[in-house]
Amino acid sequence: PDPSGTTTSGVAVYYGGTTTFCTQLQTYRTTVINVGCDESAGQGMIYSESSSGCDYTLYFKSEYGCSGGGGGGGGGVNPGWIIIFICSVLFFVYVAVGMVIKFVKFEARGLDIIPNSDFWKDVPALFKQGCVFFIQKVSCGKVCAGYSEI
């Protein structure tokens, strides 16, 4: 609770440690940070503090102490995850429909049932070639140089 009544709601963070020992009282230190709700305070500031032996209490007012404050955690799904989901579904549909077509129309069996199987077999080598090409261009041909002169 706020002793001065400056804020009426917020959140409290309690840290009762086992890491910092207070030798004067032979106990562990504790810290309580009270973040009170004040929409006009922006990021906030400490407005009161108190200590008793090895127990410390800070009173902080900030927009982050308000419900949904600070603009974070607004809910909803990030657009990047929507794109990844759509691409995953489209890839699954591509593979499933391609397998059905190759099975029914072309009577393919085994690994030949994979749509564009020759392309997918070449992907690792194509990826390596792309990386080597990129490194050669970035390093002006000093790294991964293709041929040596005779």
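Two strands pair if DSSP finds at least two bridges between them. Helices (H or I, at least four residues) and strands (E, at least two) are themselves DSSP runs, numbered from the N terminus.

The structure on display is a predicted model, in which local features need pLDDT of at least 70 and side-chain atom pairs count only at pLDDT 80 or more, while totals for chains, interfaces and linings use all residues. Residues are numbered from 1 along each chain as its sequence is written, and side-chain values use heavy atoms, with hydrogens and water left out.

**The whole chain**

Begin with the full protein in cartoon view: 2 helices and 4 strands are present, and from the N terminus on the elements run β-β-β-β-α-α. Switching to a surface view shows an accessible surface of about 11700 Å² (Shrake-Rupley method, 1.4 Å probe; for residues, only the protein chains shown count as cover). Of this surface, 63% belongs to carbon and sulfur atoms. Buried residues (under 20% relative accessible area; exposed is over 50%, partly exposed in between; 1.4 Å probe, protein chains only) make up 15% of the 150 residues. Contact here means heavy atoms within 4.5 Å. Among contacts between residues at least 6 apart in sequence, 40% join residues at least 24 apart.

**The strands**

Select residues 45-52 and 55-62, which are strand 3 and strand 4. These two strands pair in the antiparallel sense over 7 bridges. One position to label is I46, whose bridge partner in strand 4 is F60. The hairpin of strand 3 and strand 4 has 2 residues between the strands, and G53 takes a positive phi near 65° there.

Next, add residues 27-37, strand 2. Strand 2 and strand 4 pair in the parallel sense over 8 bridges. Here G36 has K61 of strand 4 as its bridge partner.

**Two buried positions**

Centre the view on T57, in strand 4. T57 counts as buried because its relative accessible area is 18%. Leaving aside residues up to four places away in sequence, T57 touches V32, N34, S48, E49 and S50.

From T57, move to N34, which is found in strand 2. N34 is likewise buried, at 14% relative accessibility. With the same exclusion of residues up to four places away in sequence, the residues that N34 touches are V11, A12, T57, L58, Y59 and F60. A distance monitor between the C-alpha atoms of N34 and V11 should read 6.0 Å, although the two residues are 23 residues apart along the chain.

**The aromatic cluster**

Finally, show the side chains of F91, Y94, F119 and W120, which form one aromatic cluster. Rings of Phe, Tyr and Trp (its six-membered ring) pair if their centres lie within 6.5 Å; planes under 30 degrees apart count as stacked, over 60 as edge-to-face and the rest as tilted. By this rule the count comes to 3 aromatic pairs. One of them joins F91 and W120 edge-to-face, at 5.8 Å centre to centre and 85° between the planes. That pair links distant parts of the chain: F91 belongs to helix 1 (residues 79-104) and W120 to helix 2 (residues 117-138), 29 residues apart.

How exposed are the two rings' residues? F91 counts as partly exposed at 43% relative accessibility, and W120 counts as partly exposed at 36%. The rings of F119 and W120 have centres 4.9 Å apart and planes at 70°, so this pair is edge-to-face. F119 is partly exposed too, at 44% relative accessibility.
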